[in-house]
Amino acid sequence: MSQPPASRIRYGGESRGRSGARSRGRLGSAAVLMATALLLSGCSDDDSSEPGTDPSAKGTHAGADAPPLAPLPAKIPDELRPYYEQKLSWHDCGPARFECATLRVPLDYDKPGDDPGDDAATAGLAVTRTKQRGKKPPEGGSLQVNPGGPGGSAIEYVQQSVALAYPQQVREHYTLVGMDPRGVGRSEPVECLSDKQMDAYTRVDQTPDDTAETEALTAAYEKFAEGCEKRTGKLLGHVSTVEAARDMDVLRGVLGDRKLNYVGASYGTYLGATYAGLFPERSGRLVLDGAMDPSLSARRVNREQTAGFDTAFKAFARDCVKMSDCPLGTDGVQQAGKKLSALFARVDRQPLRTDDPARTLTESLATTGVIRAMYDEGSWPVLREALTAAGKGDGAPLLALSDDYFERGPDGEYSNIMYANPAVNCLDLPPAFSGAAAAREALPSFEKASPVFGRGFAWAALNCAEWPVEPTGAPHRIAAKGADPIVVVGTTRDPATPYRWAQGLAGQLSSARLLTYKGDGHTAYLRGSACIDKAVDAYLLQGKPPEDGTTCG
């Protein structure tokens, strides 16, 4: 999509801006939220005919040639015992019912040192938990949660959403725990640009029409990467998902849990699956909602996410064209897509005015605003109003959607999610493209995946080409043999984590139970389906996983 350079998948569930907690997926592109896409060539407007929506077709599309993720030794190494045996100093924080502490973990697990108090060799990770009621700990122990991103703050997620939205029985059965992963939020965050520089970065044209615009885009990626290296230092090479999963096991041990119980959304599913692959014998009740497929390359992830957003846009357009005042007309889904593309082209030629004279709405910002609304069908009315306003020359509503996506506050301050996202993604996988020529060559396949968003998503996937740190990961399959049942949840028209990713992950995990929601939006748990909620709650509370292949309408 045509957003600014940043590469990531977005949170899942409802979006509430920086002050609210959302669950996000693994964003991917440098511009908007690209990092994965699903090539659904030739799919019809009927979701039942789309490839990858058959709950019985587990793992048929996955990267079968990807090597397996090898588990770590079951015994905790002696050099790591000081970390597992540390005592956390809890203090009241946030709303009255929470406590916070700092967990020390090795910066480099290959060279952990022997002193968790050595700041030079360790990272400090911020942790929050719900306060214990009574003298006895909850029956279920701890339930760690992660909202996705990569880059979403688990602390904000727990304190502002989970502790309110999760069913009372779940909240009473567990101590709810959130830890900002290394490089995220309050855990020694990755930093890259000043707020003013980020404003400029988000305006960069991500659908370059000529050599000059292409060079401007690649220069923006280079400046962004250089800023991350300069402002973040050696931590930039140690924010991978594997390292974050190992941190989760340290926290599990420190909290006194024999096994990890966990709910991860979007990118959080990749983190949770990685944990299960590394520590299958210590994996308890894991729920992975809005699943990612770790066997896919960065290019495939971006292209498949492109098609995922195309599917979501068609669902929005199908709903919109039924209304007489639809800003994209009433002539059908295909014409609605052409009208949206025409709007982007007009804004590319002449940015729209907004409420802020210093910030006009560019094509990249307009596209980001539309993408933001694809995460949740509850945002469709807001998008219709924003597109209507844009048609009249007012870009303010689309700019507001874009700012929400980027977590830009009213004061112009950005959260660090757009910095942590590429930092993690560019370590986890080799870059999708080696340079501009490779991205340009791939344009036809991305445009086939989405005529509306394809060009922008392809160019957004170029951001890791200039990353200053070599990737430490590669596509792999996760079996997690010996793990307890793992519930993998997929939504058939999920834009950010296409349904077939859930099929792919469930096909790899030896103990997976695939739970399907036939519907729209990113992630499924606690988003309105009583069927999904009942199945997940039964597993979290009673250890009873749903039957593999269970489908909720």
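The following legends describe close-up views of a predicted model.

**View 1. The open sheet and its strand order.** Ten strands make up this sheet, as an open sheet of 10 strands with mixed pairing, and their order is β3-β4-β5-β7-β6-β8-β9-β10-β11-β12. The edge strands, each of which pairs on one side only, are β3 (91-93) and β12 (550-552). On average, and with direction ignored, neighbouring strands of this sheet are turned by 25° against each other.

**View 2. The pairing of β11 with β12.** Strand β11, which spans residues 512-520, pairs with β12 in the parallel sense over three bridges. Within β12, Cys552 is the bridge partner of Tyr517.

**View 3. Two helices that pack on the sheet.** Helix α2 (residues 154-165) touches β3, β4 (98-106), β5 (122-130), β6 (142-146) and β7 (175-179), and the direction of α2 makes about 145° with that of β7. Helix α6 (residues 241-255) also packs on the sheet, where it touches β4, β5, β6, β7 and β8 (260-265), and the direction of α6 makes about 125° with that of β4.

**View 4. The packing of α10 with α12.** Helix α10 (residues 363-373) packs with helix α12 (residues 396-406) at an angle of about 70°, the two axes lying 7 Å apart. Because angles of 65 to 115 degrees count as roughly perpendicular, α10 and α12 are therefore described as roughly perpendicular to each other. From α10, the residues in this contact are Leu365, Ala366, Thr368, Gly369, Val370 and Arg372, and they meet Leu398, Leu399, Leu401, Ser402, Asp404, Tyr405 and Phe406 of α12. Sorted by class, the contact of α10 with α12 has eight nonpolar, three polar and two charged residues.

Conventions. Residues numbered from 1 in each chain as written. Predicted model: local features only at pLDDT ≥ 70, side-chain atom pairs only at ≥ 80, totals over all residues. Heavy atoms only, no water. Axes fitted to C-alpha atoms, helices over the stretch in contact; angles between N-to-C directions. Helix = DSSP H or I, 4+ residues; strand = E, 2+ residues; numbered from the N terminus. Parallel < 35°, antiparallel > 145°, perpendicular 65-115°, else oblique. Contact = heavy atoms within 4.5 Å. Nonpolar A, V, L, I, M, F, W, Y, C, P; charged D, E, K, R; others polar. Pairing = 2+ DSSP bridges.
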